[in-house]
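Good morning, colleagues. Please turn to the sequence and the structure on the screen; my topic today is aromatic rings and their neighbours.

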Amino acid sequence: MSSILLILFSAIFFSGIILRTKSITSGRKGPGVLQPIKDVIRLFKKGAIYSETTSIVFRIAPVIYFSTVLMACLVIPFGSYKGIVSFDGDFIFFAYILALGKFFSIISAMDTGSSFEGMGASREALYSMFAEPAFFILIGSFALLTGHTSFYNIFSTLHLGSSITYTLGGLAAFVLLMITMVENSRLPVDDPKTHLELTMIHEVMILDNSGFDLGLILTAGYLKFAMFGAIIADFFIGGLTLVPAAALFILIQILFATVIGMIESFMARFRMSHNPQFILALSSVSFLIFLGVLLVLEKFV
Amino acid sequence: MINVLIVILLFAIITVLLVNTKAKGIITVLTVFVIAFMSSYVSIRVLLGENYEVLLSGTITFGKVPIIIDSLSAWFILTINFTLVTGAIYGFNYMKKYREKKNEITLHCIAFLLIHFALLGISSVQNGFIFLLLWELTALSAFTLVIFEHEKPETISAGINYLIQSHISIVFIMLGFIYVAFKTGNYGFDAIIDFSNHQSTLAGTVLFLFFFTGFAIKSGFVPFHTWLPYAHPAAPSHVSGIMSGVLIKIGIYGILRMLLLIKIDYTTAGYIILFMSLFTGVYGVMLATVQHNLKKLLAYHSVENIGIIGIGIGIGCIGLGEANRWMAILGFSGALLHTLNHSLFKSLLFYAAGNVLQAAHTVNIERLGGIIKKMPQTAILFLIAALAICGLPPLNGFISEFLIFGGLYNWLYSANLVSLIAISFTIGGFVLIGGLAILCFTKAFSIVFLGNERDITSVKIHETGAWQLFPMYMVVTLMVLIGLFPSFFISALQKPVKLFTNNIAFNSNIAQVRIVDSLQNINWLFFGLILIVLVILGLRKYFSRKKLIESGPTWGCGYSTPGSKQQYTASSYVRSYSKIAKPLLDIEKREVEIMKVFPSKKHYETDPYDKIERFFIDKPLTLINKITNMFVFLQNGQLQRYILYGIIFIIAVISLPLIFDKFIMVIHFFNNL
């Protein structure tokens with residue numbers, strides 16, 4: 001229970017911290033950290049406009065997208081505390097339920113009949129497809145290292161002991177950070193602040209969403225950030241008791257948000273044609289982690 | 001029971017010959033019902049724990065014919081029956097448009113009855129000779145079903161392609177059976193058990209691989225898949241559904257049956273099956289993604305799903321070899337459940353494609369669009385099936401893929417260095433299959449059903465009739481049931497899986513991935529998902545009750561009159577993918593660029609082809625053609641010459657042995673010198 005509350009709590013300020021970091025590094029004061037949430041609440045209260053081309057798919061997709069992200073949060077543990085549910089193979093469920101949301105967000109973009117949204121949908125489908133193997137091999141490596149196949153058991157038995165395991169932890173954090181960026185369509189894969197539809201990915205897919213639906217999609221984005229932040233935090237929390245663990249959790253979330261803000265301030269977006277190579281390279285890093293685990297377990301004899 | 005069945009079948013075939021077109025259909029559907037009911041009844045009792053064995057007397061040539069329905073047969077019989085029943089109802093309505101083709105309908109009905117009978121027979125008969133006869137019967141009746149629209153040249157060529165390849169499959173299986181019968185003098189399946197018990201494991205494995213090749217052609221494993229993408233689009237849609245749903249699965253049945261009969265080196269065979277399946281899966285979905293023809297796209301997806309089933313079988317086999325109990329159980333359960341699942345969603349997809357074909361008169365994806373507004377039920381049914389085939393929760397595809405994943409991760413507990421590398425490759429490939437399937441089905445669904453109409457504005461599109469939709473709802477109901485209540489179906493699977501795991505001494509020290517407990521949790525999560533969706537829908541309704549809900553044109557970045565031709569097309573949707581996969585694909589591009597100041601008409605056309613087909617089928621064929629062309633002078637149309645050839649042949653047949661004897665004599669003579 002504590003994990004979902006913490007995720008929801010950090011989702012409230014996560015996006016605000018990214019914005020604030022970006023503002024400060026570019027020499028502006030910037031809005032308060034709660035501004036994104038205020039925006040969403042304002043959206044929830046608004047009416048909506050639907051395109052004449054769209055069908056029922058377009059209306060139901062944002063709801064399903066949001067629900068899948070919420071469901072995915074349920075299996076994330078918090079240190080030595082289980083998530084709402086925990087079972088063997090829950091990370092498979094995690095990845096597939098996110099894929100369900102992605103499926104609906106793609107077909108909802110295609111439902112508008114706009115060529116811009118089609119372009120964004122095509123890119124999103126391709127990139128998230130390439131990001132999947134990295135995630136599965138990463139979790140598979142830790143399943144091998146700990147002998148368990150659920151998020152909770154993996155994290156609660158994971159002890160970063162020797163220098164090589166620290167390296168593995170660092171690499172894993174890097175891979176997860178990059179998967180987060182791909183999943184949330186942020187730099188260096190996609191730039192949420194771009195003003196030209198041709199260069200957008202995620203933003204262009206939701207061009208026609210408005211009102212409550214847009215609010216749902218944005219909230220789902222914040223939740224996704226906090227969710228991946230929670231996974232990264234779990235790598236380092238280990239067996240701490242509730243209060244210090246919660247403090248560390250929040251600290252890591254803030255740090256994670258700041259890092260994302262810094263990346264977005266100092267990096268440029270890749271050329272579209274370089275993105276697949278970059279994302280495929282993530283799988284190789286995952287494979288490196290896998291080999292590292294083999295080294296730790298002394299499977300190379 | 002068997003006799004009653006055969007009498008009913010013969011009676012139905014004779015009546016079909018006599019009555020009018022409408023009655024032919026009704027009789028076929030009723031007979032399929034009766035046969036399905038009788039065989040399902042027996043099968044369900046077998047799954048509940050009874051035995052069913054009949055020994056037919058047979059003849060002196062092939063010995064006694066045991067009909068044994070064990071739990072494996074029962075599982076396949078139930079799968080076959082369900083798809084055949086829905087296929088019959090769907091087909092009856094689908095064929096209403098072709099009532100004037102009286103003779104074709106007669107043949108079609110008879111072939112339909114025969115293929116049902118033959119498929120049931122294959123899954124229960126335990127005599128190699130009869131097995132081959134029935135195997136031939138399925139090939140011939142499937143051929144007859146495929147070439148219903150025989151006036152189209154591509155249909156005939158697809159049918160003949162299928163006929164040839166399925167006979168190559170028969171050759172492999174026949175040689176396997178004949179070899180065993182030659183060694184033991186008996187065609188019964190127990191002879192195979194005897195035979196392999198007296199041989200080394202290596203010999204058993206080779207024999208198994210021989211059978212495997214034959215069955216792999218029938219199932220469409222790469223590189224034996226090339227008949228599928230032609231036969232499925234050419235056939236009427238219910239036939240495509242049945243072929244893809246159950247006909248190719250009979251090959252899977254053959255592989256599983258041989259695993260039970262032949263004593264083999266499980267680890268080696270498992271690795272071979274696993275990697276062949278992995279390749280099949282990835283290659284199938286890679287090609288599916290670039291297809292423009294909806295039915296061809298679905299056909300390549302059958303190749304992919306056969307790959308997934310094969311991955312399950314491979315994992316199961318390796319589990320047996322490494323004495324890893326749960327790996328074996330999960331692998332085989334996943335494979336068997338996916339066999340059922342695929343028969344459901346693939347037949348549903350083909351039925352939906354059939355509805356689209358009849359309404360819009362084309363299955364070229366690039367010309368369709370916006371059909372969801374005209375045919376909402378077909379569209380939603382297609383969407384559900386598409387979600388299921390991508391393995392997305394909360395539908396049945398997820399359950400079987402989850403089981404296979406469970407087996408895969410259970411492999412970690414008994415792995416050495418080699419198998420660990422294999423695991424990482426398998427995980428990567430399996431996940432890639434899933435991702436590409438999502439890319440492919442988002443494309444298929446959204447280009448066909450969403451957006452605006454592209455090139456079908458001249459046709460008036462209506463929703464299909466209720467009776468044609470009814471079998472589709474039957475399929476969807478079962479799919480949702482498997483998705484939401486998987487424990488029931490998995491407990492039904494326990495008996496067939498036990499057949500494989502019974503005689504193995506498992507290592508009890510290997511840990512297990514507790515998948516069955518997980519399914520309980522996943523069950524709750526599925527209901528939770530549905531609940532959350534409903535709650536949020538309610539919230540949205542509540543929040544926007546007094547708000548202004550408008551409708552307007554799609555945002556075109558300031559451009560206010562976008563036409564339907566400016567929509568994203570299927571080719572553009574997968575363009576970034578096909579650019580990356582270019583070295584592995586074979587896409588022919590025909591393009592007329594805009595060159596001058598006053599542009600002429602621009603033209604752009606792509607035509608995906610199968611690289612493996614080019615190297616594996618076309619190249620050898622051209623070579624054979626070249627060689628045979630050297631002898632074309634022999635065929636000159638003069639009757640006298642042909643008679644001369646005949647005489648030369650007869651003389652050669654008579655004299656060759658004599659000359660051979662003389663030759664031996666001469667050699668002896670020299671030896672004596």
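Over which ring does the charged end of K101(B) sit? In this predicted model, the answer is F148(B), with the charged end 4.6 Å from the centre of that ring. A second contact of this kind involves K218(B), which lies over the face of W135(B) at 5.1 Å from the ring centre.

I turn now to pairs of rings. Over all chains, the structure holds 66 aromatic pairs. In chain A, the ring centres of F44(A) and F212(A) are 4.8 Å apart and the planes stand at 45°, so this pair is tilted; the tilted class lies between the stacked limit of 30 degrees and the edge-to-face limit of 60. F44(A) belongs to helix 2 (residues 35–44) and F212(A) to helix 9 (residues 211–237) of chain A, so the pair ties together parts that are 168 residues apart in sequence. Both residues, F44(A) and F212(A), are buried.

Chain B offers another example. The centres of the Y162(B) and W227(B) rings lie 4.9 Å apart with the planes at 50°, so this pair too is tilted. Here Y162(B) is in helix 6 (residues 153–184) of chain B, while W227(B) is in the loop between helix 8 (201–219) and helix 9 (228–234). The pair thus links distant parts of the chain, 65 residues apart. Y162(B) and W227(B) are both buried.

Finally, the domains. For chain B the assignment gives domain 1 (265–543) and domain 2 (632–672), and their C-alpha centres lie 59 Å apart.

Note on methods:
Residues numbered from 1 in each chain as written. Chains lettered and ligands numbered in written order. Predicted model: local features only at pLDDT ≥ 70, side-chain atom pairs only at ≥ 80, totals over all residues. Heavy atoms only, no water. Phe/Tyr/Trp six-rings, centres within 6.5 Å; stacked < 30°, edge-to-face > 60°. Helix = DSSP H or I, 4+ residues; strand = E, 2+ residues; numbered from the N terminus. Buried < 20%, exposed > 50% of the residue type's maximum accessible area, 1.4 Å probe, protein only. Lys NZ or Arg CZ within 6 Å of the ring centre and 35° of its normal. Domains from an automatic or database assignment.
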